[in-house]
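Subject: Structure for you to look at

Hello,

Here is the structure I promised to pass on. Please open it next to this email and follow along.

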Amino acid sequence: HNSYASKSTVTLASQHPRLPFATTSTSMPVRNSSSSSSSAYTSFARTTEPEQMTTIDRTTKPQENKSKTTMFSPDKSVITHRVVHTTHGGYTNGNRGIGHIFGIDEMPKVLQPKHGFSSVKNPNQVREDIDLETSKHSKKLAFKIRHVLTPEEADAVWRISDQVGYTDFLADYNTPPGMRQNVVMCFIDDGAFTDAVFQRIKDDLPQEIDGRKLVGLSRRWNVGKHVKGRQFTSHIDGD
């Protein structure tokens with residue numbers, strides 16, 4: 001989506017002490033109402049043909065990086081998935097390559113609105129503003145929205161990525177060596193889950209930035225997992 005998201009990134013997190021990572025939705029969280037194309041696809045058009053490409057096969061679940069942590073969701077159904085797009089991207093060592101973005105055939109029931117996933121914000125959901133003021137004239141904006149998902153809901157998102165499988169390849173992004181030290185899985189949902197999440201957080205988001213009105217979230221979810229001692233070093237997103 002053409003969006004105002006290049007000026008701010010929204011982080012959605014379930015703050016549970018036993019969850020190993022925060023569930024995030026990046027990649028253009030909102031779209032311009034004048035554009036009907038998805039961010040997951042407009043970004044592909046900006047890639048250039050790299051030299052010495054590395055290709056990875058993610059059509060089957062890899063065995064590495066398998067989570068050993070106990071999960072909390074009572075829904076233990078098997079997650080089935082398919083490749084919906086193959087695109088350029090990068091690895092944690094800075095090398096460029098080609099990998100996949102996945103589609104989930106059916107979201108876990110706890111994340112399906114028709115099975116009770118509510119669009120009403122959680123009672124303990126809270127926006128925390130981050131002070132980035134460098135001068136009294138600064139208009140920089142940064143904030144976190146905590147407790148968007150319950151532990152059970154966050155677990156279900158975790159279970160999607162855990163069953164599809166993590167990799168150190170990130171579609172559509174190429175960071176310098178050592179900057180991004182996590183493993184990720186990127187998926188696109190059918191829209192119902194993302195739309196419900198948007199309803200939960202929309203009142204905590206700026207309704208307009210630089211003349212662009214807030215209309216929704218991207219359906220692409222980048223789920224990142226960090227192991228002890230790894231980090232995503234300081235960097236700047238957007239333009």
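Below is what I found, starting with the whole chain and then going residue by residue.

**The whole chain**

Keep in mind that this is a predicted model. The chain has three helices and eleven strands. Try reading the elements in order along the sequence. You should get β-α-β-β-β-β-β-α-β-β-α-β-β-β.

How much of the chain is buried? Buried residues make up 46% of its 239 residues. The chain exposes about 12,700 Å². Carbon and sulfur atoms supply 49% of that area.

Now think about contacts with a separation of 6 or more. Residues 24 or more positions apart account for 77% of them.

**Strand β3 and its partners**

Start with β3, residues 81-90. Its partner β4 covers residues 96-104. The two run antiparallel, and nine bridges join them. For one matched position, look at H81, which stands opposite I104 in β4.

β3 and β4 form a hairpin. Five residues lie between the two strands. G94 sits in that turn, with a positive phi of about 90 degrees.

Which other strand is joined to β3? It is β7, residues 170-171. Two bridges make this link, and β3 and β7 run antiparallel as well. One bridge pairs G89 with A171 in β7.

**Two residues in β4, and one before β3**

H100 is in strand β4. Is H100 buried or exposed? Its relative accessible area is 13%, so it counts as buried. The side chain of H100 makes a polar contact of 2.9 Å with the side chain of T86.

I101 is also in β4. Its relative accessibility is 0%, so I101 counts as buried. Now find R82. I101 and R82 are 19 residues apart along the chain. Their C-alpha atoms are separated by 8.7 Å.

A general point helps when you look at strands. In a regular strand, side chains alternate between the two faces of the sheet.

Next, go to I79, in the loop between β2 (54-55) and β3. I79 is buried because its relative accessibility is 4%. What does I79 touch, leaving aside neighbours within four places in sequence? The residues are I104, P108, R159, I160 and Q163. Also check I79 against E106. They are 27 residues apart in sequence, but 7.2 Å apart in space, C-alpha to C-alpha.

**Two residues with positive phi**

Most residues other than glycine have a negative phi. Here are two with a positive value.

H147 has a phi near 60 degrees and is not a glycine. You will find H147 in the loop between β6 (143-146) and α2 (151-164). At 22% relative accessibility, H147 counts as partly exposed.

D172 is not a glycine either, and its phi is positive at about 75 degrees. D172 lies in the loop between β7 and β8 (183-188). Its relative accessible area is 19%, so D172 is buried. The cut-off for buried is under 20%.

**Helix α3 and the aromatic rings**

Helix α3 covers residues 192-201 and is mostly covered. Seven of its ten residues are buried. They are F193, T194, A196, V197, F198, R200 and I201.

How many aromatic pairs does the structure hold? There are three. In the pair of F117 and F193, the ring centres are 5.2 Å apart and the planes are at 55 degrees, so the pair is tilted. F117 lies in the loop between β4 and β5 (126-129), and F193 lies in helix α3, so this pair ties together parts that are 76 residues apart in sequence.

Both rings belong to buried residues. F117 has a relative accessible area of 4%, so it is buried. F193 is at 1%, so it is buried too. With W221, they form one aromatic cluster.

One last ring to check is F143. R127 lies over its face, at 4.1 Å from the ring centre.

Happy looking, and send me any questions.

Best wishes

Methods: Residues are numbered from 1 along each chain as its sequence is written. This is a predicted model: local features need pLDDT of at least 70, side-chain atom pairs count only at pLDDT 80 or more; totals for chains, interfaces and linings use all residues. Side-chain values use heavy atoms; hydrogens and water are left out. Two strands pair if DSSP finds at least two bridges between them. Helices (H or I, at least four residues) and strands (E, at least two) are DSSP runs, numbered from the N terminus. Buried means under 20% relative accessible area, exposed over 50%, partly exposed in between (1.4 Å probe, protein chains only). Contact means heavy atoms within 4.5 Å. Accessible areas come from the Shrake-Rupley method with a 1.4 Å probe; for residues, only the protein chains shown count as cover. A polar contact is a pair of N or O atoms within 3.5 Å; within protein, one must be able to donate a hydrogen and the other to accept it, and residues adjacent in sequence count only if both atoms are side-chain atoms. Rings of Phe, Tyr and Trp (its six-membered ring) pair if their centres lie within 6.5 Å; planes under 30 degrees apart count as stacked, over 60 as edge-to-face and the rest as tilted. A charge sits over a ring if NZ of Lys or CZ of Arg is within 6 Å of the ring centre and within 35 degrees of the ring normal.
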